[in-house]
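Good morning, and thank you for the opportunity to speak. Today I shall present one structure, and I ask you to keep it in view as we proceed.

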There are 4 protein chains.
Amino acid sequence: MVNQDIEVRKLEHILVCNYCDVEYKKGTLLDNVELIHRGIPECDLEDIETSIKLFGKTLDAPIIVAGMTGGHSKAKEINKNIAIAIEELNLGMGLGSQRAAIANEELIDTYSIVREYTNSLVIGNLGAVNFIKDGWNEEIIDKAVEMIDADAIAIHFNPLQEAIQPEGDVNFKGMEILRNIISSYKNNHKNIPFIAKQVGEGFSKEDAEIISSFGFDAIDVGGSGGTSWAAVELYRIKDEEFRELAENFTNWGIPTAASIFEVRSVFNKTLIATGGIRNGIDIAKSIAIGADCCGIALPILKAALKSPEEVVKVLEKFIKELKIAMFLTGCDSVEKLKKAPYIVKGELKDWISQRLD
Amino acid sequence: MVNQDIEVRKLEHILVCNYCDVEYKKGTLLDNVELIHRGIPECDLEDIETSIKLFGKTLDAPIIVAGMTGGHSKAKEINKNIAIAIEELNLGMGLGSQRAAIANEELIDTYSIVREYTNSLVIGNLGAVNFIKDGWNEEIIDKAVEMIDADAIAIHFNPLQEAIQPEGDVNFKGMEILRNIISSYKNNHKNIPFIAKQVGEGFSKEDAEIISSFGFDAIDVGGSGGTSWAAVELYRIKDEEFRELAENFTNWGIPTAASIFEVRSVFNKTLIATGGIRNGIDIAKSIAIGADCCGIALPILKAALKSPEEVVKVLEKFIKELKIAMFLTGCDSVEKLKKAPYIVKGELKDWISQRLD
Amino acid sequence: MVNQDIEVRKLEHILVCNYCDVEYKKGTLLDNVELIHRGIPECDLEDIETSIKLFGKTLDAPIIVAGMTGGHSKAKEINKNIAIAIEELNLGMGLGSQRAAIANEELIDTYSIVREYTNSLVIGNLGAVNFIKDGWNEEIIDKAVEMIDADAIAIHFNPLQEAIQPEGDVNFKGMEILRNIISSYKNNHKNIPFIAKQVGEGFSKEDAEIISSFGFDAIDVGGSGGTSWAAVELYRIKDEEFRELAENFTNWGIPTAASIFEVRSVFNKTLIATGGIRNGIDIAKSIAIGADCCGIALPILKAALKSPEEVVKVLEKFIKELKIAMFLTGCDSVEKLKKAPYIVKGELKDWISQRLD
Amino acid sequence: MVNQDIEVRKLEHILVCNYCDVEYKKGTLLDNVELIHRGIPECDLEDIETSIKLFGKTLDAPIIVAGMTGGHSKAKEINKNIAIAIEELNLGMGLGSQRAAIANEELIDTYSIVREYTNSLVIGNLGAVNFIKDGWNEEIIDKAVEMIDADAIAIHFNPLQEAIQPEGDVNFKGMEILRNIISSYKNNHKNIPFIAKQVGEGFSKEDAEIISSFGFDAIDVGGSGGTSWAAVELYRIKDEEFRELAENFTNWGIPTAASIFEVRSVFNKTLIATGGIRNGIDIAKSIAIGADCCGIALPILKAALKSPEEVVKVLEKFIKELKIAMFLTGCDSVEKLKKAPYIVKGELKDWISQRLD
Ligand SMILES: Cc1cc2nc3c(=O)[nH]c(=O)nc-3n(C[C@H](O)[C@H](O)[C@H](O)COP(=O)(O)O)c2cc1C
Ligand SMILES: Cc1cc2nc3c(=O)[nH]c(=O)nc-3n(C[C@H](O)[C@H](O)[C@H](O)COP(=O)(O)O)c2cc1C
Ligand SMILES: Cc1cc2nc3c(=O)[nH]c(=O)nc-3n(C[C@H](O)[C@H](O)[C@H](O)COP(=O)(O)O)c2cc1C
Ligand SMILES: Cc1cc2nc3c(=O)[nH]c(=O)nc-3n(C[C@H](O)[C@H](O)[C@H](O)COP(=O)(O)O)c2cc1C
């Protein structure tokens, strides 16, 4: 696939995500979690402390904008708008896959632009599959990190997305080479955290064990319930046959809430919950059941296509709702929220009882 | 917020509650309770004894009109109509927050009017948050009680309502000062019962333990499933941002049935079940699962805006239905109803098994 | 209430039942029972033996027409049509409450007409509440039995129906007098079986214990899920207040499947399952979970308003379906059907686990 | 029934299946199974090995076209089209009941046509009920096998289909004669595998035990959730009475997923899952919960009415989806898929816990 193609595809993705319904019909299962309201919260809403430490930086709220884009001029604008917003609110952000810029240096500024606007947490992004297919190594990581002065680097695993694309990269064998690449990179370059990330289908506990053994420092569960890549591709693919195929996989994946439980049951390092996080109550629930921080993609994409102010507005709403949810559960810090009581209903109970007990 | 504002807001509340759909989509979970029909009830419907003792008075049925209003001329009329009805039926009633009259003596008669029409149980009402914010003390309680010759005083906790209002009072820290205020008031003024009351989001068992330690004599669970304050504010708030926020919290809260179980599991003093009580079967179920008495707000508000006769009619329907439900479960007294068998279904089972076992 | 009134009311009942939707929204819970299909039934559909012995007679299928009517000319025709049909098919039938004929001898032939057309099982019917209210005794039973040469007599308990009628008879206290009345009647008159019967709200296990202690020989659970008396009265009652009340009770009662389990858990004599039996699969399920025979009212009423042939046709369909269900579960006799395996789903599981374990 | 009639009926079946909605409303319960997505599949989609050994032949995927037709010219074309497709893809196929050709040699070529187009696995088909009714013996089996050079022979049991047809063959008694017939046939003719097959209502574990004792080598569960014979007959039957009857049985049967669990709990030989298999994810789930191979009827019928290419296209889609599902669960062989983790939800949990524990 030539680089031109990648660019066009990435732009198509953005347009489809902005204009079409690309979300899972089957939700995150976060609505199977009920936080317990406290009639006497014993705290002051004004005092609620939402800040956390993440990858060496302090964030004013346990929120990052999930990595989405880069590689073309529209992406540059989106990244810039997000960077301005997270600088203002002191949050973190991820960038989209940096493969385009690895292949074509002219595209670097569509990513690096963010450092003109923020000193906050910025997370790089590379696809795991390229380490196999294109023989990438620690030097590539170095390029990606330096390009944006990344505080951390996310390696995304997207087997479903690749599988349903007519010419996707579908070799996920031999991923253990990441073990050496990670340790070499850390030894020879920078000791920054590595994050294993799904793009909306979730990690299982079996995955988490492998990820842990590879030396990753964090997992972004990227669970199902929000943006569905099968749904996105469904709009793009012209080939009738591939469309049907994508359609049958639009509900595939581990719902975000289930994935948090799966991963947390075997992994005690940093856990980011992305996938279908749509308001501050979702964040509060995710943290109560095991996440350290949440990632948001789609709603921020839509805002970033408008202006940095719009991104700020959307993120402020998330923070405000999170604060109220923390207040109403009597948790004046994220640490307390992690211990907040809750009940689990419906299908999520099945995940817990059959997979984790 | 000046007093004028409070008055306007309170009137707005009443109009919104009367004309708009302000009830939770998610119900009380009382429909997850099934009372066991008795084909041979072994009692006479005419003999069913629904009377209870509550706060030193005898009520002909385990029903109080939940505290709603005061502070403006419409409120005065509403309170009067309710008072006439409960006098006729020998039930009890609460008044709305007396803060307006505490701040402005001219408004006292909008509350005290009730004593011109009834000697039955009347419960005063003050907001917990004002003891923190405005430094209220036992003297304020004394004012409130004397103003209406209250038989009991409810202190309402409304963290959600405050949190979603643009300028709500959101400091619920330091509530333990209520312990001294209550005991001082009881020692120095009148030894009347204190009720801790939610306004539609419910108390958890953790709350109940705190309430108990503060020296309250009773809990009104004020659970979710009936009037939703987030829904009410949703109609009032003009600010788009705050509207969205309120919208996300329209289903927040512990459903009344769950809250009864939560509170009863740790609290063995008087328990009033308010929140979404819409017919006499709801009352029978509430009592079977742990309540001593039920409170009704919204349906009575609508009736009281018409006439005292309408309030009587509505309350009589509740009583009649309660009686039939008691008859059909073979319970000829409220004491027997408390021991009536029942089964629990659906989500309510989750609350019980995960929170109370 | 004068007799004239009873007649009119009974006729109204029939018309309402024929033309309006009078069935429970909440079903019998028989759909929570799954019989286990047998791919190799090991029997011949032609050989399936559905006959049972009931109250001293042999029935060609475990089906009786539930008692419905009497007391006016339309009733006479209905009873006649049913009698012709059950004679042809060798099934059994109940008659409606004989109170009208007890009070007014002129109405006797509206019941006794059945004996001109059938020698099959005929069951008399009296209301339990009249033994209390009107001081009925064994002589009344004698009248009722002799009037129709009854093979058995059903005493119906209808507390819900009475409770929601403006002037219903609602004294169900002192029912233990039935113990003496039953034993005296048996000693001094005829030793025929007594059936305790609900009219569509079901008996609980507590009821079944009482019924057993009174000396009844059989229970007709008359569970909820089919004809709802609250729904029927809803159409008749003009008074707005009583209508609302009836409305709130349209879902009251123990679903037929739950009532079978309840009663069978403590009662090992004859158990008839009436209430919402709408096809032969319902019959097969009822018997598999504990019934000996089923009763059908509403569908037969509608057929009987047309012709005896129509009644035969409807009953033949029930029998044919029952046979196929027995065939497909590999049960060539009712005895085997009683031991057929099944699974229980949904709400019915709650009844069993919370009430019977 | 004369042969002419059989032919017409069979043709009607095909037309009804092609044009009308003949599927169960109640599904296969395969949607109650959730395979666990693997974010790091550790395999290459290109390397996924879907081949299996079945009845002495190797199939490139665990898929057979379920037996459907024969006996008339349209059937001949359908069988031919299927044969071409399975030859191309190296899969297997069953033929419809060979009874027509047993009775009328002129119809043989409507079946034997397949051998002109394929050397792949071909499965013969006879009705169990005819061994009873028509006194069939090993010679009939020999005819059926030789006619098509069958690799295996399926004996179908279709009690529901027979029971709801006006003049169905409904004697399923004495099936133990199959024990001798099978062993004689194997000893005296060919030692090929015998498959006991349902046609869409499923086998229970009790059936599986009998089947095992009869000496069958394999079971095709033919569970409910796909084509419903009651639904098919519903379209054909003119007689109002029989229509209603068929209607009441349109949801009868053991859902395919439940039947796999039932049969697998007592039967460790070859298990084919047919009934409502509608995409490759269904196949993956069936194998994960116990099947060795899946059968597909209705979707292939529709394709085969068009062309062999269309059959290939449909089957390729199934294979592609199966491969992706295997890839996304990290299973690069069917053997691994059999051990893939999964969770079970809803009603299927009831089947497992009440029938198999
Ligand atoms: C337009 C778009 C592009 C994306 N590109 C990437 C990417 O390049 N790398 C990556 O790791 N995830 C990518 N994602 C996935 C997101 O990071 C996130 O995991 C996913 O969208 C689920 O979150 P959501 O439901 O909030 O959208 C992308 C998502 C969107 C919507
Ligand atoms: C118009 C209105 C005003 C209310 N004002 C008060 C109040 O001042 N103090 C209080 O404790 N509760 C107040 N409530 C809450 C009620 O007492 C009650 O807890 C709540 O409405 C749930 O009951 P319901 O579902 O029957 O309406 C008010 C309710 C309504 C509808
Ligand atoms: C029109 C009508 C009249 C009835 N009258 C009587 C009665 O007099 N005595 C009695 O025991 N049950 C009576 N029943 C109740 C039935 O016997 C039966 O228990 C009830 O209708 C539930 O069965 P179904 O759902 O098949 O209608 C009557 C039912 C109907 C529909
Ligand atoms: C038109 C048609 C004809 C069938 N004929 C037969 C048959 O002759 N013998 C048999 O064993 N099964 C027969 N079946 C049943 C299928 O083999 C299969 O078990 C059933 O259709 C369920 O699979 P499906 O849901 O994929 O259609 C037939 C199915 C169809 C649709």
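Let us begin at a single contact: a polar backbone atom of C:Gly67 lies 2.8 Å from an oxygen atom of ligand 3. Please bear in mind throughout that this is a predicted model.

What else holds a polar atom close to an oxygen of ligand 3? C:Arg278 does so through its side chain, where a polar atom is 2.8 Å from an oxygen atom of the ligand. C:Ala297 contributes a polar backbone atom, 3.0 Å from an oxygen atom of ligand 3. As for exposure, ligand 3 taken alone exposes 600 Å², and the protein buries 97% of that area.

Where does ligand 3 sit? Its place is in the largest cavity.

We may now turn to the surroundings of this ligand. There are 23 residues around ligand 3, and the closest are C:Gly67, C:Lys197, C:Thr227, C:Gly276 and C:Arg278. By character, the shell comprises nine nonpolar, eleven polar and three charged residues. Three elements of chain C, namely helix 1 (3-19), strand 8 (194-198) and helix 14 (298-304), each provide at least two residues of this shell.

Let us next consider chain B and ligand 2. Here 23 residues surround the ligand, with B:Gly67, B:Lys197, B:Thr227, B:Gly276 and B:Arg278 coming nearest. The side chain of B:Arg278 places a polar atom 2.8 Å from an oxygen atom of ligand 2. Two backbones also take part: a backbone N or O atom of B:Ala297 is 3.0 Å from an oxygen atom of the ligand, and a polar backbone atom of B:Leu298 is 3.0 Å from an oxygen atom of ligand 2. Ligand 2 exposes 600 Å² when taken alone, of which the protein buries 97%. Its shell divides into nine nonpolar, eleven polar and three charged residues. In chain B, helix 1 (3-19), strand 8 (194-198) and helix 14 (298-304) each supply at least two of the shell residues.

Finally, I turn to the arrangement of the chains. How is chain A superposed on chain D? A rotation of 90° with 0.0 Å of shift along its axis achieves this, with an RMSD of 0.0 Å. The two copies are therefore related as by a four-fold rotation axis. Within chain A, the C-alpha nearest that axis belongs to A:Gly346, at 6.3 Å.

Chain B, in turn, can be laid on chain C by a turn of 90° and a shift of 0.1 Å along the axis, with an RMSD of 0.0 Å. In chain B, the C-alpha of B:Gly346 is nearest the axis, 6.4 Å from it.

Thank you for your attention.

Conventions. Residues are numbered from 1 along each chain as its sequence is written. Chains are lettered from A and ligands numbered from 1 in the order in which they are written. This is a predicted model: local features need pLDDT of at least 70, side-chain atom pairs count only at pLDDT 80 or more; totals for chains, interfaces and linings use all residues. Side-chain values use heavy atoms; hydrogens and water are left out. Copies are superposed by least squares on the C-alpha atoms of residues with pLDDT of at least 70 in both. A residue is near a molecule or strand if one of its heavy atoms lies within 4 Å of it. A polar contact is a pair of N or O atoms within 3.5 Å; within protein, one must be able to donate a hydrogen and the other to accept it, and residues adjacent in sequence count only if both atoms are side-chain atoms. Accessible areas come from the Shrake-Rupley method with a 1.4 Å probe; for residues, only the protein chains shown count as cover. On a 1 Å grid over the protein atoms alone, a cavity is a set of points where a 1.4 Å probe fits but cannot get out, and a pocket is an open set with protein on both sides within 12 Å along at least five of seven lines; lining residues have an atom within 4 Å of a point. A molecule sits in a cavity or pocket if more than half of its atoms lie within 2 Å of its grid points. Helices (H or I, at least four residues) and strands (E, at least two) are DSSP runs, numbered from the N terminus. Ala, Val, Leu, Ile, Met, Phe, Trp, Tyr, Cys and Pro count as nonpolar, Asp, Glu, Lys and Arg as charged, and the others, Gly among them, as polar.
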